[in-house]
Amino acid sequence: MDWIFLLTMNLTFKRKLVLLYFLLVPLSFFAAEPFRDWKNQNPKFKPIEAQLLEYSEAFDRKKFSKYYQDWLGEAGIDGDILPGVKLRVKIPQGRKKEPAEERDYEVPLAVLSESDKDYILDWHWLRQREDFFRKCLKVVLGESRDIRTERPRLDDGQDPPPLEDLIYLRNGSRKRGTVINNNYSIHTPYGEFVVGKGRLAAVQFEVDEAGRSVLTGVNSNRLSGFLDLPGEANVNEPNFLVFESNNGKESVRKEEVSRIIFQVREDELDGLGTEGSVSLRLANGDYLDAKVYEGELPVGGRSVKVSEVDRVEVANGQATVFYKDGGRDNWTFAEDDLPLALDLGPAFSVYHGHLKKMYCDTAFRPLGFLIEASSERDVSISFDRDAPGRVRSPSSSSTYYGILEEGDKIVSINREMPDFESRDNSFDKAVDDLFDKKEPLPNVEIGIQRGENQFFLITLVRKQGDDV
Amino acid sequence: MNPSIFKMRLLSVLVFALPLFSVSGEEDFRQWRYFNDADMGEGKLLEYNTAYPLEDLTKEIQLTEDRIKWLQEQGQSGDFVRVVKLTLKVPPKPKEPDAKPDPKAEPELVDVTYPFTYFSSADQEYVMDWDWLRQREPFFKKCLHIVLGEERGIRKSRPEPEPNFDVIYLRDGSKKRGIVQNTSFSLHAKYGRFAVSRDKLSAVQFGDGKGGHDLLVGVNNNRLSGIIDLPADSGVGVTANHLVTTNESGQSETIRKEKLSRIIFRVRPNELTDLNLDGSALVRLKNGDAFDARVSGGEFKIGTRRIAAAQVSSVEVIEGRANLIMKSGGKEIGDFSEADLPMELALGPSINVYRAYVGQIYCDSNFRPVGKILTASEPRVLTLSFERDKPGVLRSVSRSSVYYEVLEKGDRIISIDGRIPDFDSKDTTYELILESLFEDNTATYFVLDVERDGLTFSVTVRANNG
């Protein structure tokens, strides 16, 4: 029995391997596939050693070799466009010690064994989603969102289990299910709007004594204010959260809910962060991505294209505009209100007094507190030895002084669950990567939990001009 | 509130806000003069009546036709006249008709009723002031003189013009005077959304800009927090999220909501008249908000029982359960049978308060605490030491004090029972209030308003006399 046999017989193990490969090394996704044995659907054929180069659902039948065209005909497979793969096949030479010749072949998918077909489709499914996996918010409020990491397919004749939302109640209990409420209405100091469930990663209900709630968008946007659950026909009464669980449909008063962690949905990032979207940081601590009306900022009696601007800093009604070309202007806003359309959906006008900063460069979207550091030492944190990820009191000379407090817990790093058990903990590794001399990370996002209910983010960036 | 504490509190009004008159007590004897400056003698004002029957007056004093004609010339025509009733000190009549009056003899006290126009203009003013204050005495006692550490514009004596202006503070530190035109202020509180009429508000505090800490303060000192919106009001030319004021020169000014820091409304003479206080209870929520409200239907629904609010002294919600202290002395414990408690606010709107938000409900109108409630069994634990050069500013708070961890060094007491305190006199207002709490037993509690770092909060101190 060789390892190929194991691989083909034990799908779960194989799929785990594929998943592990893609998720642990997400940025090496497009690295070359390893050579492996491929089996023909006809078990009489010997396996071939080959490397997967490409899969397409739409191969031109004519591009297959005459052998495969004949085979397709004999197999009764019609159609000019067929799924197929491109394989780089090792062709052994006469003597075993001679290096094998490598040649590329286009092979109809149907020719391959069922297990190899699954392998290819899994690979393709993950490759398609690599960008999404990289961008999507996998951890929110210190909690992993339920995410589909495998191609959905029947397993032992069963549909894959559905993804679930997590609902925490104030009495300490936790429920799993699918939240039915579609709309979440939030009244913030800068406006009032409704955000659809499909654009939300989490909801925190009444996080402080004032009764403010926090919506976290799938793009990490933060909107805080008074939350209402509007009544929806055939869904819910006003101020009731309705979800479907194994126990059937359950309905809970808004006031009894502590937080919701939504599952990751395949299409949740569609249309977000597109050209012209800016990142706004508001005076109340919220941050959100939005499109400025017609992509132009009305300042100082004229309009400036957002695409020309790096960032805008606002103080006392005065806007300091920093251009991408290095120029700088001090202007007043032409109008009190700046019309915007939130990436998360609703359109509204924000009074300029609520604005603090606007980042127009789509490559730079700092979340929460922004810390600029010149060296790894600047951003080092000392942790409690006995409590992984638990911060010890920062000294008054620390960059984190006034931001972090003793007992705060790091609950996410770069949108992933942190590992503080290993020798090279996630935090140290992320900071290393930030200052890596070859391929430095543009920034490090740290999620912090304080007490039961308070969550906030810190973005670490290298100080401008301190290129490694 | 019992009459004695009422009197005590009135004293502070009279001493510190209205120094001219002692309205509630008996008037002192003073010198009175006729309209022609002739001496009327020493007298004590008893009554002022704007519609006294002429027929009755003619029976009490000699009114010749000439005098009636003169009264008519002074505008006192018809069957009713304005009169002043005095107790005059009159020298006793000599026993012998020809004998000279004895200047050392004890004067007799005689009640007389004279037409108002008989009096000198100075005495007429005195009578009018006295009457004006007497009319307004209950209002002065009840109305909120100080809000958010700031004295509200109030007309304190008759000849003064009405205070015409509200005070509007802006975030840039400037202050404007004007009449606010917006007729209502809308609040999104954690327990609901509603609007309160401007005429029922004493102040509006626009919070820190982060939302949720805006505050409406009612004329009855009710406190409602949340996010304030200024709704559009086309009738008075107000667009959404703008405050419109009319300034001293009659010009209209529009200010963005975001530029506002606070509004202190002037005291309006009729601001307490329409308060819906009958049968109301004081509802204190866990977020610190407090308001007078009538429990819908006048009863609490606890489990399957219905308990009349009139029988209840107070309700405290502990771990989600309602603990009812009955006026009879008994106690009832149970769950509110409805998730939302419907309430009609004295300030106007009706709301539904989710049961878990309720902290306490005081049905007894004699106890209306504001802010944190402290209980003290002796004055020693309430001793406060103040900075010598800064009246009302705390030096420190000892560990043995009930104020420990509530008040801090540097806190300033800005009002006691809604009045400006006197910390300059030998017997400070604070000492007097402690006396009334523990020695005279004329008070059962008092309320301090305290300023810290530009923000104000309240503390209610309740006597626990065993």
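**Exercise 1. How many helices and how many strands are there in chain A?**

*Solution.* Keep in mind that you are looking at a predicted model. Going through chain A from its N terminus, you should arrive at 5 helices and 30 strands. To get a feeling for the overall dimensions, take the C-alpha trace of chain A: along its principal axes, the trace spans about 80 × 55 × 55 Å.

**Exercise 2. Find the open sheet of 4 strands in chain A and give its strand order.**

*Solution.* Step 1: the order is S1-S2-S3-S4, and the pairing is antiparallel.
Step 2: look for the strands that pair on one side only; these edge strands are S1 (36-38) and S4 (101-108) of chain A.
Step 3: follow the sheet across; from one strand to the next, the twist averages 30°.

**Exercise 3. Which helix of chain A packs on this sheet, and which strands does the helix touch?**

*Solution.* The helix is H4, residues 114-135 of chain A. Helix H4 touches S1, S2 (48-60) and S3 of chain A. Now compare directions: that of helix H4 makes about 65° with that of S2(A).

**Exercise 4. Study how S3 and S4 of chain A are joined, and name the residue opposite Arg88(A).**

*Solution.* Step 1: strand S3 covers residues 81-91 of chain A and runs antiparallel to S4(A).
Step 2: count the bridges between S3 and S4 of chain A, and you get 8.
Step 3: find Arg88(A); the residue standing opposite is Asp104(A), in S4(A).

**Exercise 5. Is Asp118(A) buried, exposed or partly exposed?**

*Solution.* Step 1: locate Asp118(A), which lies in helix H4 of chain A.
Step 2: count the other C-beta atoms within 10 Å of its own; there are 18.
Step 3: apply the cut-offs, where 20 or more means buried and 12 or fewer means exposed. With 18 such atoms, Asp118(A) falls in between, so Asp118(A) is partly exposed.
Step 4: look along the chain to Arg153(A), 35 residues apart from Asp118(A); the C-alpha atoms of the two are separated by 9.4 Å.

**Exercise 6. How many residues of chain B are in contact with chain A, and of what classes are they?**

*Solution.* Step 1: 16 residues of chain B are in contact with 20 residues of chain A.
Step 2: on the chain B side, strand S13 (residues 223-229) gives the most, with 3 residues.
Step 3: sort that side by class, and you find 4 nonpolar, 8 polar and 4 charged residues.

How values were computed: Residues are numbered from 1 along each chain as its sequence is written. Chains are lettered from A and ligands numbered from 1 in the order in which they are written. This is a predicted model: local features need pLDDT of at least 70, side-chain atom pairs count only at pLDDT 80 or more; totals for chains, interfaces and linings use all residues. Two strands pair if DSSP finds at least two bridges between them. Helices (H or I, at least four residues) and strands (E, at least two) are DSSP runs, numbered from the N terminus. Axes are lines fitted to C-alpha atoms, for helices over the stretch in contact, and angles run from 0 to 180 degrees between N-to-C directions. Two residues are in contact if their C-beta atoms, placed from the backbone, lie within 7 Å. Ala, Val, Leu, Ile, Met, Phe, Trp, Tyr, Cys and Pro count as nonpolar, Asp, Glu, Lys and Arg as charged, and the others, Gly among them, as polar.
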